[in-house]
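Visitor: Hey, got a minute to walk me through this one? I'd like to know what I'm looking at before I set anything up.

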Amino acid sequence: MASSSSFLLLAALLALVSWQATASDPSPLQDFCVADMNSPVRVNGFVCKNPMEVNADDFFKAANLDKPKMPNKVGSNVTLINVMQIAGLNTLGISIARIDYAPLGQNPPHTHPRATEILTVLEGTLYVGFVTSNQPAPNKNKFLSKVLNKGDVFVFPVGLIHFQFNPNPHQPAVAIAALSSQNPGAITIANAVFGSDPPISDDVLAKAFQVEKNTIDYLQAQFWENNHY
């Protein structure tokens with residue numbers, strides 16, 4: 001019985017350690033750790049501001065998330081509120097974004113390397129989806145998609161390629177997304193692959209995509225606009 005109890009205790013401890021190791025952001029060890037943006041010290045995140053100097057404005061931003069933003073060339077605009085906009089988010093493991101979609105606009109395929117995303121549609125309709133990782137068949141790069149209407153919610157697991165598209169040619173759409181990191185990051189696939197600085201060798205990309213080098217050269221010559229602001 002003692003041996004069984006010891007095993008269960010060990011298993012519980014290992015599970016706890018494993019959860020902490022895979023968490024996107026570390027858990028806070030105090031009520032808050034408002035980011036000191038002026039500190040010369042560099043850590044994973046930001047150094048804490050003196051608690052005696054903290055005030056309500058460290059947890060506030062007049063972000064105007066109730067107002068639409070003008071979409072760009074890809075037909076969307078992501079207004080992200082993370083630790084860079086609200087210093088009080090430091091160590092709290094959360095951020096939020098408003099996403100505006102023009103008619104037929106999209107938030108193109110991208111990943112958040114440090115966050116899971118939960119998205120809810122405020123206005124309009126969105127076609128959304130994500131692709132699983134390179135798993136063994138039959139689940140290799142499985143594509144999961146859904147049409148969302150106003151009030152619907154969808155989850156994009158951390159690190160997986162995902163997108164949102166407004167299929168309505170006449171009406172815009174709006175969504176709010178919460179992300180499980182103070183700084184989730186965003187890697188837009190086309191921008192990263194074809195718009196890197198300096199560019200990736202067209203020999204490498206032609207081989208990877210199994211196309212002619214002139215196709216790669218054409219894609220690399222395009223202006224890959226960032227829709228995250």
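## Around the listed histidines

Guide: Sure, let's start at His-112, which is buried, with a relative accessible area of 7%. Keep in mind that this is a predicted model.

Visitor: OK, where does His-112 sit in the fold?

Guide: His-112 is in the loop that runs between E3 and E4.

Visitor: And which residues is His-112 in contact with, leaving aside its neighbours within four places in sequence?

Guide: Glu-117, Val-158, Gly-159, His-162, Leu-179, Pro-184, Gly-185 and Ala-186. There is also a polar contact of 3.4 Å between the side chains of His-112 and His-110.

Visitor: Then tell me about His-110. Buried or exposed?

Guide: Buried, at 1% relative accessibility. His-110 belongs to strand E3, residues 106-111. Leaving aside neighbours within four places in sequence, His-110 is in contact with Glu-117, Leu-160, Ile-161, His-162, Gln-164, Ile-187, Thr-188, Ile-189 and His-228.

Visitor: Which residues does UniProt list for "binding site"?

Guide: The unreviewed UniProt entry lists His-110, His-112, Glu-117 and His-162 under "binding site". They span 53 residues in sequence, yet no two of their C-alpha atoms are more than 11.8 Å apart, so they gather at one spot.

Visitor: Which of these residues are in the lining of the second largest pocket?

Guide: That lining includes His-110, His-112 and Glu-117.

Visitor: Switching topic. What's the strand order in the open sheet?

Guide: The order is E1-E2-E9-E4-E7, five strands with antiparallel pairing. Strand E1 (76-81) and strand E7 (153-156) are at the edges with a single partner strand each, so one side of each has no neighbour in the sheet. On average, neighbouring strands here are turned by 20° against each other, direction ignored.

Visitor: How many residues of E9 are buried?

Guide: Six of its seven, so strand E9 (residues 173-179) is mostly covered.

Visitor: And how many bridges does E9 make with E2 and with E4?

Guide: With strand E2 (residues 95-101), E9 pairs over seven bridges, in the antiparallel sense. With E4, the pairing is also antiparallel and runs over six bridges.

Visitor: I want a residue pair I can click on. What is the bridge partner of Asp-100 in E9?

Guide: Val-174. For the pairing with E4, take Val-121, whose bridge partner in E9 is Ala-175.

Visitor: Now the E7 end. How many bridges join E4 to E7?

Guide: Four, and strand E4 (residues 117-123) and E7 run antiparallel. One place to look is Thr-120, which stands opposite Val-153 in E7.

Visitor: How exposed is Val-155?

Guide: Val-155 counts as partly exposed, at 42% relative accessibility. This residue is in strand E7.

Visitor: Which residues does Val-155 touch, not counting those up to four places away in sequence?

Guide: Thr-116, Glu-117, Ile-118 and Phe-130. Glu-117 is a familiar name there, as UniProt has it among the "binding site" residues. As for Val-128, 27 residues away along the chain, its C-alpha atom is separated from that of Val-155 by 9.9 Å.

Visitor: Back to E3. Where is Pro-108, and is it buried or exposed?

Guide: Pro-108 is in strand E3. Its relative accessible area is 14%, so with the cut-off for buried at under 20%, Pro-108 is buried. Residues up to four places away in sequence aside, Pro-108 touches Val-74, Ser-76, His-162, Phe-163, Thr-188 and Asn-227.

Visitor: What about Asn-227, where is its place?

Guide: Asn-227 falls in the segment after helix H4 (213-220). It counts as buried, at 1% relative accessibility.

Visitor: And what does the side chain of Asn-227 make a polar contact with?

Guide: The side chain of Ser-76, at 2.6 Å. Leaving aside neighbours within four places in sequence, the residues in contact with Asn-227 are Asn-72, Val-74, Ser-76, Asn-77, Val-78, Gln-106, Asn-107 and Pro-108.

Visitor: One last separation. How far apart are the C-alpha atoms of Pro-108 and Asn-191?

Guide: They are separated by 9.8 Å, with the two residues 83 apart along the chain.

Technical notes
Residues are numbered from 1 along each chain as its sequence is written. This is a predicted model: local features need pLDDT of at least 70, side-chain atom pairs count only at pLDDT 80 or more; totals for chains, interfaces and linings use all residues. Side-chain values use heavy atoms; hydrogens and water are left out. Two strands pair if DSSP finds at least two bridges between them. Helices (H or I, at least four residues) and strands (E, at least two) are DSSP runs, numbered from the N terminus. Axes are lines fitted to C-alpha atoms, for helices over the stretch in contact, and angles run from 0 to 180 degrees between N-to-C directions. Buried means under 20% relative accessible area, exposed over 50%, partly exposed in between (1.4 Å probe, protein chains only). UniProt positions are given in the numbering used here, feature names are shortened, and annotations may be inferred rather than shown by experiment. On a 1 Å grid over the protein atoms alone, a cavity is a set of points where a 1.4 Å probe fits but cannot get out, and a pocket is an open set with protein on both sides within 12 Å along at least five of seven lines; lining residues have an atom within 4 Å of a point. Contact means heavy atoms within 4.5 Å. A polar contact is a pair of N or O atoms within 3.5 Å; within protein, one must be able to donate a hydrogen and the other to accept it, and residues adjacent in sequence count only if both atoms are side-chain atoms.
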